[in-house]
Amino acid sequence: MSIESITSTTEHLNKDFNATLPLHIANLVCVRTGKAMPFAREEMSAIDKAPIKAPVAVNFMGLSTDEQADRKHHGGPLKAVHQMPTATYEKINAEFDLKVRIGTLGENLTTEAVDGLPEMDESTVCIGDVFQYGNIDDTNYDKSNSVQLRIVQPRRPCYKINDQIGQFTKVPNIAAWVSKQGIAGWYFQVVRDGLIDANLPVYLIERPYPFATLSRLWQLSNSKEKYDAKVIEPWLAIECLEDSWKKVLQKKIEKG
(Lines give C-alpha, C1' and ligand atoms only; values in the text may rest on other atoms or scores of the structure.)
Protein backbone atom coordinates (compact mmCIF):
# COMPACT_ATOMS: atom_id res chain seq x y z
CA MET A 1 0.00 0.00 0.00
CA SER A 2 1.44 3.33 -1.02
CA ILE A 3 1.33 6.86 0.31
CA GLU A 4 -0.51 7.74 -2.91
CA SER A 5 -3.39 5.39 -2.07
CA ILE A 6 -3.70 6.93 1.38
CA THR A 7 -3.77 10.39 -0.19
CA SER A 8 -6.49 9.27 -2.60
CA THR A 9 -8.58 7.97 0.29
CA THR A 10 -8.11 11.26 2.14
CA GLU A 11 -9.25 13.28 -0.86
CA HIS A 12 -12.37 11.14 -1.22
CA LEU A 13 -13.28 11.60 2.43
CA ASN A 14 -12.62 15.33 2.27
CA LYS A 15 -15.12 15.58 -0.56
CA ASP A 16 -17.77 13.64 1.36
CA PHE A 17 -17.43 14.69 4.98
CA ASN A 18 -14.85 17.42 5.33
CA ALA A 19 -16.91 20.41 4.41
CA THR A 20 -16.92 23.10 7.06
CA LEU A 21 -17.30 21.28 10.35
CA PRO A 22 -19.50 20.66 12.22
CA LEU A 23 -21.41 18.83 9.48
CA HIS A 24 -24.82 17.21 9.87
CA ILE A 25 -24.13 13.79 8.37
CA ALA A 26 -26.87 11.51 9.75
CA ASN A 27 -29.83 11.07 12.05
CA LEU A 28 -29.90 8.66 14.95
CA VAL A 29 -32.81 6.34 14.19
CA CYS A 30 -32.52 3.90 17.10
CA VAL A 31 -30.79 3.50 20.46
CA ARG A 32 -30.52 -0.02 21.89
CA THR A 33 -29.48 -1.49 25.21
CA GLY A 34 -29.39 -5.01 26.60
CA LYS A 35 -29.57 -6.97 29.82
CA ALA A 36 -27.27 -9.84 30.71
CA MET A 37 -29.19 -13.05 30.10
CA PRO A 38 -28.38 -16.78 30.12
CA PHE A 39 -26.59 -17.55 26.87
CA ALA A 40 -24.77 -20.38 25.11
CA ARG A 41 -22.00 -22.42 26.76
CA GLU A 42 -23.58 -21.81 30.17
CA GLU A 43 -22.52 -18.18 29.99
CA MET A 44 -24.30 -14.86 30.33
CA SER A 45 -24.46 -12.25 27.58
CA ALA A 46 -26.14 -8.94 26.76
CA ILE A 47 -25.41 -9.16 23.03
CA ASP A 48 -29.09 -8.96 22.14
CA LYS A 49 -30.05 -5.28 22.22
CA ALA A 50 -33.61 -3.91 22.25
CA PRO A 51 -34.76 -0.38 21.28
CA ILE A 52 -35.34 2.02 24.16
CA LYS A 53 -38.24 4.45 24.20
CA ALA A 54 -36.84 7.29 26.32
CA PRO A 55 -33.61 9.29 26.64
CA VAL A 56 -30.79 7.43 28.39
CA ALA A 57 -27.77 8.86 30.20
CA VAL A 58 -24.32 8.25 28.73
CA ASN A 59 -21.12 8.50 30.77
CA PHE A 60 -17.53 7.34 30.30
CA MET A 61 -18.61 3.70 30.77
CA GLY A 62 -21.41 3.84 28.20
CA LEU A 63 -25.21 3.89 28.27
CA SER A 64 -26.45 3.71 31.84
CA THR A 65 -29.06 1.00 31.13
CA ASP A 66 -26.80 -1.16 28.96
CA GLU A 67 -25.12 -4.20 30.47
CA GLN A 68 -22.07 -6.30 29.58
CA ALA A 69 -21.82 -9.75 31.10
CA ASP A 70 -18.12 -10.18 30.29
CA ARG A 71 -16.53 -6.96 31.49
CA LYS A 72 -13.04 -8.25 30.67
CA HIS A 73 -13.71 -8.18 26.92
CA HIS A 74 -16.72 -5.88 26.59
CA GLY A 75 -17.57 -2.41 27.81
CA GLY A 76 -15.30 0.04 29.60
CA PRO A 77 -14.04 3.48 28.58
CA LEU A 78 -12.53 2.33 25.26
CA LYS A 79 -15.61 0.26 24.34
CA ALA A 80 -18.23 2.50 25.87
CA VAL A 81 -20.69 2.66 22.96
CA HIS A 82 -20.95 0.44 19.90
CA GLN A 83 -22.26 1.45 16.48
CA MET A 84 -22.65 -0.80 13.46
CA PRO A 85 -24.11 -0.06 10.02
CA THR A 86 -27.36 -1.76 9.09
CA ALA A 87 -25.58 -2.83 5.89
CA THR A 88 -23.69 -5.39 7.99
CA TYR A 89 -26.93 -7.30 8.51
CA GLU A 90 -27.77 -7.04 4.83
CA LYS A 91 -24.39 -8.53 3.92
CA ILE A 92 -24.63 -11.36 6.49
CA ASN A 93 -28.16 -12.24 5.43
CA ALA A 94 -27.24 -12.23 1.74
CA GLU A 95 -24.06 -14.28 2.24
CA PHE A 96 -25.59 -16.96 4.48
CA ASP A 97 -29.25 -16.83 3.41
CA LEU A 98 -30.41 -15.70 6.85
CA LYS A 99 -32.83 -13.17 8.31
CA VAL A 100 -30.83 -11.83 11.25
CA ARG A 101 -32.56 -8.74 12.64
CA ILE A 102 -30.93 -5.44 13.53
CA GLY A 103 -29.86 -5.38 17.20
CA THR A 104 -29.01 -9.08 17.32
CA LEU A 105 -25.26 -8.49 17.29
CA GLY A 106 -24.84 -6.00 20.09
CA GLU A 107 -24.84 -2.52 18.59
CA ASN A 108 -26.16 0.43 20.61
CA LEU A 109 -26.64 2.97 17.83
CA THR A 110 -28.19 2.89 14.36
CA THR A 111 -28.00 5.90 12.05
CA GLU A 112 -29.33 6.96 8.67
CA ALA A 113 -27.52 9.30 6.28
CA VAL A 114 -28.95 12.70 5.31
CA ASP A 115 -28.65 15.12 2.38
CA GLY A 116 -27.22 12.54 0.00
CA LEU A 117 -24.11 11.97 2.13
CA PRO A 118 -22.64 8.47 2.50
CA GLU A 119 -23.84 6.26 5.31
CA MET A 120 -21.66 6.01 8.39
CA ASP A 121 -19.73 2.81 7.78
CA GLU A 122 -16.20 1.48 7.95
CA SER A 123 -15.23 3.17 4.68
CA THR A 124 -16.44 6.64 5.69
CA VAL A 125 -15.58 7.00 9.39
CA CYS A 126 -12.08 7.36 10.79
CA ILE A 127 -10.20 6.67 13.98
CA GLY A 128 -10.26 9.91 15.98
CA ASP A 129 -13.53 11.18 14.52
CA VAL A 130 -15.67 12.97 17.10
CA PHE A 131 -19.42 13.00 16.59
CA GLN A 132 -22.08 14.89 18.45
CA TYR A 133 -25.39 13.11 18.84
CA GLY A 134 -27.74 16.00 19.46
CA ASN A 135 -28.45 19.54 18.28
CA ILE A 136 -25.75 22.18 18.03
CA ASP A 137 -27.58 24.84 16.00
CA ASP A 138 -28.76 26.91 18.93
CA THR A 139 -25.98 28.65 20.85
CA ASN A 140 -28.14 28.40 23.96
CA TYR A 141 -28.81 24.66 23.67
CA ASP A 142 -28.59 22.45 26.73
CA LYS A 143 -25.40 20.39 26.37
CA SER A 144 -26.79 17.70 28.64
CA ASN A 145 -29.26 16.81 25.87
CA SER A 146 -26.44 15.64 23.61
CA VAL A 147 -23.30 13.52 23.81
CA GLN A 148 -19.94 13.62 22.07
CA LEU A 149 -18.30 10.34 21.09
CA ARG A 150 -14.85 9.57 19.62
CA ILE A 151 -14.04 6.49 17.52
CA VAL A 152 -11.05 4.70 19.07
CA GLN A 153 -11.15 1.20 17.57
CA PRO A 154 -13.08 -1.22 15.38
CA ARG A 155 -15.02 -4.00 17.00
CA ARG A 156 -13.36 -7.39 16.87
CA PRO A 157 -16.02 -10.05 16.25
CA CYS A 158 -15.89 -12.91 18.74
CA TYR A 159 -17.40 -16.38 19.04
CA LYS A 160 -20.53 -14.95 20.65
CA ILE A 161 -21.64 -13.77 17.22
CA ASN A 162 -21.56 -17.41 16.11
CA ASP A 163 -23.42 -18.53 19.22
CA GLN A 164 -26.00 -15.78 18.88
CA ILE A 165 -26.83 -16.53 15.26
CA GLY A 166 -26.40 -20.25 15.84
CA GLN A 167 -29.38 -20.20 18.17
CA PHE A 168 -31.57 -19.94 15.09
CA THR A 169 -29.75 -21.94 12.43
CA LYS A 170 -26.57 -23.91 11.86
CA VAL A 171 -24.14 -21.67 10.00
CA PRO A 172 -20.40 -21.49 9.29
CA ASN A 173 -18.04 -19.32 11.31
CA ILE A 174 -19.78 -16.00 10.69
CA ALA A 175 -17.54 -14.14 13.17
CA ALA A 176 -14.46 -14.99 11.10
CA TRP A 177 -16.23 -13.93 7.89
CA VAL A 178 -17.31 -10.63 9.44
CA SER A 179 -13.75 -10.02 10.64
CA LYS A 180 -12.32 -10.74 7.19
CA GLN A 181 -14.83 -8.31 5.66
CA GLY A 182 -14.08 -5.66 8.31
CA ILE A 183 -17.78 -4.87 8.85
CA ALA A 184 -18.21 -5.30 12.60
CA GLY A 185 -18.69 -1.61 13.37
CA TRP A 186 -16.71 0.42 15.89
CA TYR A 187 -16.39 1.46 19.51
CA PHE A 188 -16.63 4.97 20.88
CA GLN A 189 -14.93 6.64 23.80
CA VAL A 190 -17.21 9.18 25.48
CA VAL A 191 -15.84 12.70 25.09
CA ARG A 192 -18.74 14.47 26.79
CA ASP A 193 -21.48 12.95 28.95
CA GLY A 194 -25.13 13.65 28.34
CA LEU A 195 -28.42 12.15 27.23
CA ILE A 196 -29.00 10.24 24.01
CA ASP A 197 -32.25 9.35 22.30
CA ALA A 198 -33.58 8.29 18.92
CA ASN A 199 -34.25 10.97 16.30
CA LEU A 200 -31.29 13.16 17.26
CA PRO A 201 -29.16 14.68 14.50
CA VAL A 202 -25.59 13.40 14.23
CA TYR A 203 -22.80 15.91 13.53
CA LEU A 204 -19.22 15.23 12.59
CA ILE A 205 -17.38 17.85 14.62
CA GLU A 206 -13.73 16.72 14.42
CA ARG A 207 -11.74 14.67 11.89
CA PRO A 208 -8.06 14.88 12.85
CA TYR A 209 -6.98 11.78 10.86
CA PRO A 210 -8.83 11.69 7.54
CA PHE A 211 -6.58 8.89 6.22
CA ALA A 212 -7.49 6.57 9.10
CA THR A 213 -10.64 4.88 7.86
CA LEU A 214 -11.69 1.72 9.62
CA SER A 215 -11.71 -0.17 6.33
CA ARG A 216 -8.05 0.79 5.78
CA LEU A 217 -7.19 -0.29 9.31
CA TRP A 218 -8.79 -3.70 8.72
CA GLN A 219 -6.94 -4.06 5.42
CA LEU A 220 -3.60 -3.32 7.03
CA SER A 221 -4.29 -5.53 10.04
CA ASN A 222 -5.52 -8.54 8.03
CA SER A 223 -2.87 -8.34 5.33
CA LYS A 224 -0.08 -10.92 5.23
CA GLU A 225 2.31 -8.52 3.55
CA LYS A 226 4.68 -6.02 5.14
CA TYR A 227 4.62 -2.26 4.52
CA ASP A 228 7.05 0.59 4.35
CA ALA A 229 7.35 2.36 7.70
CA LYS A 230 5.96 5.52 6.09
CA VAL A 231 2.62 3.73 5.65
CA ILE A 232 2.38 2.45 9.22
CA GLU A 233 3.95 5.24 11.27
CA PRO A 234 1.06 7.73 10.80
CA TRP A 235 -1.22 5.15 12.43
CA LEU A 236 1.14 4.64 15.36
CA ALA A 237 1.08 8.39 15.94
CA ILE A 238 -2.70 8.41 16.48
CA GLU A 239 -2.88 8.91 20.23
CA CYS A 240 -6.48 7.73 20.62
CA LEU A 241 -6.08 4.47 18.65
CA GLU A 242 -6.42 1.61 21.13
CA ASP A 243 -3.03 0.05 21.91
CA SER A 244 -3.73 -3.52 20.76
CA TRP A 245 -4.30 -2.25 17.21
CA LYS A 246 -1.00 -0.38 17.30
CA LYS A 247 0.76 -3.60 18.31
CA VAL A 248 -0.74 -5.37 15.31
CA LEU A 249 0.30 -2.56 12.98
CA GLN A 250 3.82 -2.37 14.41
CA LYS A 251 4.38 -5.94 13.23
CA LYS A 252 3.42 -4.95 9.69
CA ILE A 253 6.46 -2.73 9.20
CA GLU A 254 8.92 -4.08 6.65
CA LYS A 255 12.35 -4.65 8.17
CA GLY A 256 15.56 -3.40 6.62
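Is Trp245 buried or exposed? With a relative accessibility of 2%, Trp245 falls below the 20% limit and therefore counts as buried. I shall begin with this residue and then move outward to the sheets, the cavity and the chain as a whole. Please bear in mind throughout that the model is predicted.

Trp245 belongs to helix H7, which covers residues 243–250. Which residues does Trp245 touch, once its neighbours within four places in sequence are set aside? Its contacts are Gln153, Pro154, Arg156, Leu217, Trp218 and Ser221. One of these, Trp218, is a second tryptophan, and it lies 27 residues from Trp245 along the chain. The C-alpha atoms of Trp245 and Trp218 are 9.7 Å apart. Two further contacts of Trp245, Gln153 and Pro154, carry numbers that fall within strand S10, residues 147–154.

Strand S10 brings us to strand S11. S10 and S11 run antiparallel and are joined by 6 bridges. Within that pairing, Gln148 has Arg192 of S11 as its bridge partner. S11 also pairs with strand S7, residues 81–83, again in the antiparallel sense, this time over 3 bridges. Here Val81 has Phe188 of S11 as its bridge partner. How many of the 7 residues of S11 are buried? The number is 5, so strand S11, residues 186–192, is largely enclosed by the rest of the structure.

I turn now to an open sheet of 3 strands. Their order is S6-S5-S12, and the pairing is antiparallel. Strand S6, residues 62–63, and strand S12, residues 194–196, are the edge strands, each pairing on one side only. As a general reminder, the strands of a sheet pair through backbone hydrogen bonds, in either a parallel or an antiparallel manner.

Strand S5, residues 56–59, pairs with S6 over 2 bridges, and a hairpin of 2 residues connects S5 to S6. Asn59 stands opposite Gly62 of S6. On the other pairing, S5 and S12 share 3 bridges in the antiparallel sense, with Val56 placed opposite Ile196 of S12. Which residues of S5 make up the covered face, and which the uncovered one? Val56 and Val58 form the covered face, whereas Ala57 and Asn59 form the uncovered face. Val56 thus appears twice in this account, as a member of the covered face and as the residue opposite Ile196.

Next, the interior space. The structure contains 1 cavity of 30 Å³ or more, and the largest cavity holds about 250 Å³. Its lining comprises 21 residues, and those that lie nearest the centre are Ile47, Lys49, Gln68, His74 and Gly106. What is the chemical character of this lining? The lining residues divide into 7 nonpolar, 7 polar and 7 charged.

Finally, I place these details in the setting of the whole chain. The chain has 7 helices and 13 strands. Of its 256 residues, 52% are buried, and Trp245 counts among the buried residues. Among contacts between residues at least 6 apart in sequence, 75% join residues at least 24 apart. The pair Trp245 and Trp218, at 27 residues apart, offers an example of such a separation. As to the surface, the chain exposes about 12,500 Å², and carbon and sulfur atoms supply 50% of that area.

Terms used. Residues numbered from 1 in each chain as written. Predicted model: local features only at pLDDT ≥ 70, side-chain atom pairs only at ≥ 80, totals over all residues. Heavy atoms only, no water. 1 Å grid on protein atoms, 1.4 Å probe; cavity = no way out; pocket = protein on both sides within 12 Å on 5 of 7 lines; lining within 4 Å. Points joined across faces, edges and corners; volume = space filled by probe spheres on them. Nonpolar A, V, L, I, M, F, W, Y, C, P; charged D, E, K, R; others polar. Helix = DSSP H or I, 4+ residues; strand = E, 2+ residues; numbered from the N terminus. Buried < 20%, exposed > 50% of the residue type's maximum accessible area, 1.4 Å probe, protein only. Contact = heavy atoms within 4.5 Å. Areas by Shrake-Rupley, 256 points an atom, 1.4 Å probe, with all protein chains shown as cover. Pairing = 2+ DSSP bridges.
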